[in-house]
Amino acid sequence: MQEAAHAAGGAWWERPPFRIELPSGRALDMGPRPLVMGVLNVTPDSFSDGDRFFTLTSAVRQARDMCAEGADIIDVGGESTRPGSDPVSAEEEKNRVIPVIEELAAEMTALISIDTQKAEVAEAGLEAGAEMINDVSALRTDPEMAPLAAERKVPVVLMHMQGRPKTMQQNPTYGEVVAEVAAWLEERIQHAAAGGIDEGRLIVDPGFGFGKALEHNLELLRRLHELHRLGRPLMVGPSRKSMLGMILDLPADERLYGTLATVASAALSGCHIVRVHDVRPAVEVVRVCEAIRKGIEYTND
Ligand code: 9MG
């Protein structure tokens, strides 16, 4: 009965369980509750005063804080994907993220994810200790990404984006946004599988804010459970995004409460991973959502 409900798009509160084994022997266990992924942007506008050591120590400190607050995964990225942003070279991206990943891998129990669209950066990240790839281009930017992920047998996040970061917010257009995002993600799943990646290692993400107007983001969030039909774990990254700024008329650093409303909605819709800047509040929201979903006996999962 439950399976039939998922096949039909799922009852909105259900979360189909998934477990992805990692080459290290660990596993991403996405059954009991949504995992919380902390955002670690190692970009000039996030820490740097021009001094690489300052950036490294600040980034490592922030990652430690996020782990202490309960992050399950730290997503380390060295290239901004904000609307209007320009790409950076693989060399520069590696210079930013690899020293950070090396430090974190030596001391951290949280899983490290590398947020990049470039196989060269992903490979260096995996060598440095990352165990997961978050590719916002869903393997479209670099043809070497699929063979790398296939060979390394790591989980890969395939995120939906209409257009490219430089221009994606200029005039996003959809007929039926949920159906189109689902069909696009299905095509990327097939592409990844054809490239040799085990389907069981794929995670899908509707890509809030990536080539979407406010109405598209809201509809995707409201109908998130329908993406369970894809048969893969669902990740979301609504944290501090402009959709919240549009609703609340607040700058990015004042969108915490708005972010938490979206985290609660996604958690109650059965999503598997929430990508956030503010880890502790998200961990608390997720725990309360689980208590609502399952009852008090499950709150310590
Ligand atoms: C890197 N990055 C920024 N926003 C994101 C989102 O919504 N999802 C994923 N997977 N990555 C994101």
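Mentor: Let's start with vocabulary: helices (H or I, at least four residues) and strands (E, at least two) are DSSP runs, numbered from the N terminus. The model is predicted, so to speak of a local feature we need pLDDT of at least 70, side-chain atom pairs count only at pLDDT 80 or more, and totals for chains, interfaces and linings use all residues. Residues are numbered from 1 along each chain as its sequence is written, and side-chain values use heavy atoms, with hydrogens and water left out.

Trainee: Thanks! How many helices and strands does the protein chain have?

Mentor: Along its principal axes, the C-alpha trace of the protein chain spans about 55 × 45 × 40 Å. Within that span, the protein chain has 10 helices and 10 strands.

Trainee: What radius of gyration does the protein chain have, against that of a compact globule?

Mentor: The radius is taken over C-alpha atoms, and the globule rule is 2.2 Å times the number of residues to the power 0.38. For 301 residues, that puts a compact globule near 19 Å. The protein chain agrees with this, at 18 Å.

Trainee: What percentage of the residues in the protein chain are buried?

Mentor: Buried means under 20% relative accessible area, exposed means over 50%, and partly exposed is in between, with a 1.4 Å probe and protein chains only. Of the 301 residues in the protein chain, the buried ones make up 53%.

Trainee: And what percentage of contacts in the protein chain join residues at least 24 apart?

Mentor: A contact means heavy atoms within 4.5 Å. Taking contacts between residues at least 6 apart in sequence, the share that joins residues at least 24 apart is 68%.

Trainee: How far apart are the mean positions of the positive and negative charges?

Mentor: Lys and Arg count as positive and Asp and Glu as negative, while His and the chain ends are not counted. Each charge is placed at NZ of Lys, CZ of Arg, CG of Asp or CD of Glu. The protein chain has 31 positive and 46 negative charges, and their mean positions are apart by 2 Å.

Trainee: Let's look at arginine 15. With which side chain does the side chain of arginine 15 make a polar contact?

Mentor: Arginine 15 sits in the loop between helix 1 (2-7) and strand 1 (19-21), and is buried at a relative accessible area of 7%. A polar contact is a pair of N or O atoms within 3.5 Å; within protein, one must be able to donate a hydrogen and the other to accept it, and residues adjacent in sequence count only if both atoms are side-chain atoms. A polar atom of the arginine 15 side chain lies 2.8 Å from the backbone oxygen of cysteine 271. The side-chain partner, at 2.9 Å, is glutamate 290.

Trainee: Is proline 233 buried or exposed?

Mentor: Proline 233 belongs to the loop between helix 7 (214-222) and strand 9 (235-236). Leaving aside neighbours within four places in sequence, its contacts include Phe18, Met30 and His272. Its C-alpha atom is 6.3 Å from that of valine 204, which is 29 residues apart along the chain. With a relative accessibility of 0%, proline 233 counts as buried.

Trainee: Where does glycine 38 lie?

Mentor: Glycine 38 is buried, with a relative accessible area of 0%. Not counting residues up to four places away in sequence, glycine 38 touches residues including Met66, Ile73 and Val279. In the chain's numbering of elements, glycine 38 lies in strand 3 (residues 35-41).

Trainee: Which elements do the buried residues of helix 5 pack against?

Mentor: Helix 5 covers residues 145-152, and its buried residues are Met145, Ala146, Leu148, Ala149 and Ala150. These buried residues pack against helix 4, strand 6 and strand 7 (156-159).

Trainee: Which residue with a positive phi follows helix 5?

Mentor: The residue is found in the loop between helix 5 and strand 7. Its phi is about 55° although it is not a glycine. At 44% relative accessibility it counts as partly exposed. The residue is lysine 153.

Trainee: What is the phi of leucine 139?

Mentor: Leucine 139 is in the loop between strand 6 and helix 5, and is buried with a relative accessible area of 5%. Although leucine 139 is not a glycine, its phi is positive, at about 75°.
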